[in-house]
Amino acid sequence: MLKQIDFTKLPITEIVNEIIYIAAEAGASDIHFDPEEKTIKVRFRIDGVLIDYTIIPESIRKNLIARLKIISGMDITESRLPQDGAIKTVIKNINLDMRVSSLPTNEGEKIVIRILDYSSSLNGLESLGFSPSNLKKMKELIKEPNGIILVTGATGSGKSTTVYSLLQLLNTPKVNLVTVEDPVEMNIAGINQIQVNSEIGLTFANVLRSILRQDPDIIMIGEIRDDETAKIAVRASITGHLVLSTIHTNNALNTIERLRDMEVETYLLASSLNGIVSQKLARRLCPHCIKKRPAIDYEKKLIKTNLGIDITELSYAEGCEHCVSGYKGRIAIHEVLVITQEIRDAIANGISKEELRKLVYTSDTTTLLQDGLQKVVQNITTIEEILRLVELDDESTKIVLEQSNKKEEIKNKNEQESIRPQININNNLVNDMEIIDI
């Protein structure tokens, strides 16, 4: 259980500090202050799921909002427009770096605090949950002297953590490494980091043009948001620079389609794209209350189809004082696509999405579903959690199922053909016996 606050005995400054401290101690990534008619509901996002924490009474509602806006550097007199701020502080020996967002709603201002955690990035690529084959692909990708590596996924899926881990590996005295970010989330010694400011015209596209005159070896773009940034990034990669960036898409195939939609020339896209890393975050099973249960037929078939493994039982957790609903912490599931020459030629020739899908997912690419199910078999997470994150009608899954069905058909056909001669032989024996009997 999370510690509760006595609002009658603490001043507003300590109430705010306590809420932030309790959230950080619980491993929350975000704190939501949701305005209601007279009160404020406080919720923590722990392991990707929002849970109710407490209700702020009407008597301190205005003072709490004002305190949050003051410490995050916002204008407390402005409540009609959205605002952004930041908090860097130490509470009870915990160093905290937070981003704060204020949004006007019909019930009042809603404030969300994002608690930034860089520990995973500092621990290196090996700590991010990559399978041995995917980790090997990642290390090979960053050895390329030029080209683009894209990390994709939804908001809060750990893209920045993965990109910062790659920067840690690439950051050596021999290279000029420049980043363009909005905002700069983590200061890294030895890297030239630039924060964009659209209000004065310092956009991703404008900064990128200037960076190319700074003799860079490696460029990191915080996010490809528009056509212009995409085109400049592609052109930078084919002129001898290694470019890292993120983009909001669901999987590798959708990323290629998204860049096509951004009007990036297909021949440039084909020659510049090195690899695409798609990822999502799955909740880990709590080690304190993990248990086994029999697997149902559907689960057996799903794992057999995608992994070729026969299972009889799966893990689950009931929930205990150490976790939230049986889960504690999160692990990333990945889909790492290395762009082969065959895929490059297909992109350059502008083949249809259907044909490109088959080409992408019939290579040695492990899909998000397959990587997730591998972690289910390893007792890291649950099949329910993976199915919550990855839709079974996903295009990559369809290809896997089609391949499995084809293999099954071929197997059945071969078995029938192997049986048929025996049937013929048996019939001949019967005929011979009949002749003898006559």
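Colleague: In what order do the six strands of the open sheet lie?

Modeller: This is a predicted model, and in it the six strands pair in the antiparallel sense. Because β3 (49-56) and β4 (83-91) each have a single partner strand, they stand at the edges, and one side of each is left without a neighbour in the sheet. From one strand to the next the twist averages 20 degrees. The order of the open sheet is β3-β2-β1-β6-β5-β4.

Colleague: Which residue in β5 stands opposite Ile-91?

Modeller: Strand β5 (residues 94-105) pairs with β4 in the antiparallel sense, over nine bridges. The residue in β5 that stands opposite Ile-91 is Ile-94.

Colleague: What angle does the direction of helix α2 make with that of β6?

Modeller: Helix α2 (residues 58-71) packs on the sheet, where it touches β1 (28-35), β2 (40-46), β3, β4 and β6 (108-116). Its direction makes with that of β6 an angle of about 50 degrees.

Colleague: Against which elements do the buried residues of α6 pack?

Modeller: In helix α6 (residues 204-211) the buried residues are Phe-204, Ala-205, Val-207, Leu-208 and Ile-211. They lie on the same side of α6, because they cover an arc of only 165 degrees around the axis. The elements against which they pack are β8 (177-181), β9 (192-195), β10 (218-221) and α7 (227-237).

Colleague: Which exposed residues does α10 carry on the face turned away from its buried side?

Modeller: Helix α10 (residues 297-307) has Glu-299, Leu-302, Ile-303, Thr-305 and Asn-306 buried. Since these cover an arc of only 165 degrees around the axis, they are on the same side of α10. The face turned away from that buried side carries the exposed residues Asp-297 and Lys-301.

Key:
Residues are numbered from 1 along each chain as its sequence is written. This is a predicted model: local features need pLDDT of at least 70, side-chain atom pairs count only at pLDDT 80 or more; totals for chains, interfaces and linings use all residues. Side-chain values use heavy atoms; hydrogens and water are left out. Buried means under 20% relative accessible area, exposed over 50%, partly exposed in between (1.4 Å probe, protein chains only). Helices (H or I, at least four residues) and strands (E, at least two) are DSSP runs, numbered from the N terminus. The arc is that of the directions from the helix axis to the C-beta atoms. Contact means heavy atoms within 4.5 Å. Two strands pair if DSSP finds at least two bridges between them. Axes are lines fitted to C-alpha atoms, for helices over the stretch in contact, and angles run from 0 to 180 degrees between N-to-C directions.
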